[in-house]
Amino acid sequence: QVQLVESGGGLVQAGGSLRLSCVVSSRISNINRMGWYRQAPGKVRELVATITSGGSTNYADSVKGRFTISRDNAKNTVYLQMNSLKPEDTAVYYCNARARHYLGDLDYWGQGTQVTVSS
(Lines give C-alpha, C1' and ligand atoms only; values in the text may rest on other atoms or scores of the structure.)
Protein backbone atom coordinates (compact mmCIF):
# COMPACT_ATOMS: atom_id res chain seq x y z
CA GLN A 1 0.00 0.00 0.00
CA VAL A 2 1.25 3.46 -0.92
CA GLN A 3 1.04 6.19 1.71
CA LEU A 4 1.70 9.86 1.02
CA VAL A 5 2.55 12.61 3.52
CA GLU A 6 2.50 16.24 2.38
CA SER A 7 3.99 19.37 3.88
CA GLY A 8 5.01 22.90 2.96
CA GLY A 9 1.71 24.71 2.59
CA GLY A 10 1.07 28.09 4.13
CA LEU A 11 0.10 31.71 3.65
CA VAL A 12 2.09 33.89 1.26
CA GLN A 13 1.63 37.18 -0.51
CA ALA A 14 1.07 37.41 -4.24
CA GLY A 15 4.39 37.08 -6.04
CA GLY A 16 5.87 34.90 -3.33
CA SER A 17 7.06 31.30 -3.41
CA LEU A 18 6.43 28.01 -1.64
CA ARG A 19 7.82 24.51 -2.00
CA LEU A 20 5.55 21.57 -1.28
CA SER A 21 6.95 18.16 -0.37
CA CYS A 22 5.39 14.71 -0.60
CA VAL A 23 7.10 11.79 1.13
CA VAL A 24 6.05 8.43 -0.26
CA SER A 25 6.11 5.13 1.63
CA SER A 26 7.14 3.21 -1.48
CA ARG A 27 10.01 3.58 -3.91
CA ILE A 28 8.82 6.25 -6.30
CA SER A 29 10.96 4.70 -9.00
CA ASN A 30 8.42 1.84 -8.98
CA ILE A 31 5.40 4.16 -9.30
CA ASN A 32 4.27 4.97 -12.82
CA ARG A 33 3.38 8.61 -12.20
CA MET A 34 3.53 11.12 -9.37
CA GLY A 35 1.54 14.31 -9.45
CA TRP A 36 0.06 17.30 -7.71
CA TYR A 37 -3.60 18.28 -7.86
CA ARG A 38 -5.44 21.17 -6.26
CA GLN A 39 -8.99 21.96 -5.27
CA ALA A 40 -10.45 25.31 -4.30
CA PRO A 41 -13.77 25.62 -2.41
CA GLY A 42 -16.66 25.00 -4.76
CA LYS A 43 -14.34 23.94 -7.57
CA VAL A 44 -13.46 20.61 -9.14
CA ARG A 45 -10.12 19.04 -8.31
CA GLU A 46 -7.70 19.81 -11.12
CA LEU A 47 -4.35 18.48 -12.19
CA VAL A 48 -1.42 20.83 -11.59
CA ALA A 49 1.67 18.86 -12.58
CA THR A 50 2.86 15.29 -13.12
CA ILE A 51 6.14 13.46 -13.44
CA THR A 52 6.52 9.90 -14.68
CA SER A 53 8.96 7.28 -13.48
CA GLY A 54 10.96 8.05 -16.62
CA GLY A 55 11.18 11.74 -15.76
CA SER A 56 8.67 13.16 -18.22
CA THR A 57 6.71 16.15 -16.86
CA ASN A 58 3.60 18.05 -17.79
CA TYR A 59 1.81 21.06 -16.34
CA ALA A 60 -1.53 22.74 -16.37
CA ASP A 61 -1.51 25.78 -18.63
CA SER A 62 -2.30 28.01 -15.68
CA VAL A 63 0.98 27.16 -13.91
CA LYS A 64 3.41 26.70 -16.79
CA GLY A 65 6.51 28.80 -16.29
CA ARG A 66 5.76 29.31 -12.60
CA PHE A 67 5.62 25.83 -11.04
CA THR A 68 8.17 23.03 -11.25
CA ILE A 69 7.65 19.40 -10.24
CA SER A 70 10.70 17.35 -9.31
CA ARG A 71 11.65 14.22 -7.41
CA ASP A 72 14.40 12.77 -5.28
CA ASN A 73 14.32 9.01 -5.72
CA ALA A 74 16.80 8.43 -2.88
CA LYS A 75 14.43 10.18 -0.46
CA ASN A 76 11.22 8.87 -2.05
CA THR A 77 10.05 12.46 -2.19
CA VAL A 78 8.31 14.58 -4.80
CA TYR A 79 8.38 18.36 -4.74
CA LEU A 80 6.36 21.19 -6.20
CA GLN A 81 8.22 24.48 -6.39
CA MET A 82 5.70 27.31 -6.77
CA ASN A 83 6.94 30.75 -7.80
CA SER A 84 5.16 33.98 -8.70
CA LEU A 85 2.11 32.85 -6.78
CA LYS A 86 -1.24 34.41 -7.55
CA PRO A 87 -4.42 34.61 -5.47
CA GLU A 88 -6.07 32.19 -7.89
CA ASP A 89 -3.50 29.57 -6.83
CA THR A 90 -5.22 29.41 -3.45
CA ALA A 91 -6.40 25.83 -2.91
CA VAL A 92 -5.80 22.61 -1.07
CA TYR A 93 -2.96 20.83 -2.84
CA TYR A 94 -2.94 17.03 -2.96
CA CYS A 95 -0.11 14.67 -3.75
CA ASN A 96 -1.04 11.78 -6.02
CA ALA A 97 0.61 8.48 -6.87
CA ARG A 98 -0.59 6.41 -9.79
CA ALA A 99 0.51 2.80 -9.58
CA ARG A 100 0.12 0.01 -12.07
CA HIS A 101 -1.89 -2.98 -10.89
CA TYR A 102 -3.04 -6.09 -12.71
CA LEU A 103 -6.56 -4.60 -12.86
CA GLY A 104 -5.29 -1.28 -14.15
CA ASP A 105 -4.05 1.99 -12.71
CA LEU A 106 -4.80 2.82 -9.07
CA ASP A 107 -4.53 6.28 -7.51
CA TYR A 108 -3.32 7.04 -3.99
CA TRP A 109 -3.77 10.44 -2.33
CA GLY A 110 -2.19 12.48 0.40
CA GLN A 111 -4.19 14.34 3.02
CA GLY A 112 -3.78 17.71 1.33
CA THR A 113 -1.99 20.88 2.36
CA GLN A 114 -3.51 24.36 2.28
CA VAL A 115 -1.93 27.06 0.14
CA THR A 116 -3.32 30.57 0.56
CA VAL A 117 -2.10 33.50 -1.53
CA SER A 118 -3.13 36.97 -0.42
CA SER A 119 -3.49 39.91 -2.79
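**Close-up views of a predicted all-strand model**

**Figure 1. Asn-76 is a buried residue of this predicted model.** The relative accessible area of Asn-76 is 19%, and residues count as buried under 20%. Asn-76 therefore falls in the buried class. Asn-76 sits in the loop that joins β7, residues 67-72, to β8, residues 77-82.

**Figure 2. The surroundings of Asn-76 include a stretch of residues from Cys-22 to Ile-28.** Leaving aside residues up to four places away in sequence, Asn-76 touches Cys-22, Val-23, Val-24, Ser-26, Arg-27 and Ile-28. For Ile-28 there is also a polar approach: a polar atom of the Asn-76 side chain lies 3.4 Å from the backbone nitrogen of Ile-28. A pair of N or O atoms has to be within 3.5 Å to count as a polar contact.

**Figure 3. The backbone of Asn-76 has a positive phi.** Most residues other than glycine have a negative phi. In Asn-76, which is not a glycine, phi is near 50 degrees. The loop between β7 and β8 holds this residue.

**Figure 4. Ser-84 is another residue with a positive phi.** Its phi is about 50 degrees, although Ser-84 is not a glycine. Ser-84 is placed in the loop between β8 and β9, the latter spanning residues 91-101. Is Ser-84 buried or partly exposed? Ser-84 counts as partly exposed because its relative accessibility is 42%, and that class lies between the limits of 20% and 50%.

**Figure 5. The whole protein, shown for orientation, is made of strands without helices.** There are 11 strands and 0 helices, so the order of elements from the N terminus on is β-β-β-β-β-β-β-β-β-β-β. The C-alpha trace spans about 45 × 30 × 25 Å along its principal axes. For 119 residues, a compact globule would have a radius of gyration near 14 Å, and the protein agrees because its value is 14 Å. Among contacts with a separation of 6 or more, 53% are between residues 24 or more positions apart.

**Figure 6. The surface and charges of the protein complete the set.** The accessible surface comes to about 6400 Å², and carbon and sulfur atoms contribute 46% of that area. Of the 119 residues, 40% count as buried; Asn-76 is one of the buried residues. The protein carries 13 positive and 8 negative side chains. The centres of these two sets lie 3 Å apart.

Technical notes. Residues are numbered from 1 along each chain as its sequence is written. This is a predicted model: local features need pLDDT of at least 70, side-chain atom pairs count only at pLDDT 80 or more; totals for chains, interfaces and linings use all residues. Side-chain values use heavy atoms; hydrogens and water are left out. Helices (H or I, at least four residues) and strands (E, at least two) are DSSP runs, numbered from the N terminus. Buried means under 20% relative accessible area, exposed over 50%, partly exposed in between (1.4 Å probe, protein chains only). A polar contact is a pair of N or O atoms within 3.5 Å; within protein, one must be able to donate a hydrogen and the other to accept it, and residues adjacent in sequence count only if both atoms are side-chain atoms. Contact means heavy atoms within 4.5 Å. The radius of gyration is taken over C-alpha atoms; the globule rule is 2.2 Å times the number of residues to the power 0.38. Accessible areas come from the Shrake-Rupley method with a 1.4 Å probe; for residues, only the protein chains shown count as cover. Lys and Arg count as positive and Asp and Glu as negative; His and the chain ends are not counted. The place of a charge is taken as NZ of Lys, CZ of Arg, CG of Asp or CD of Glu.
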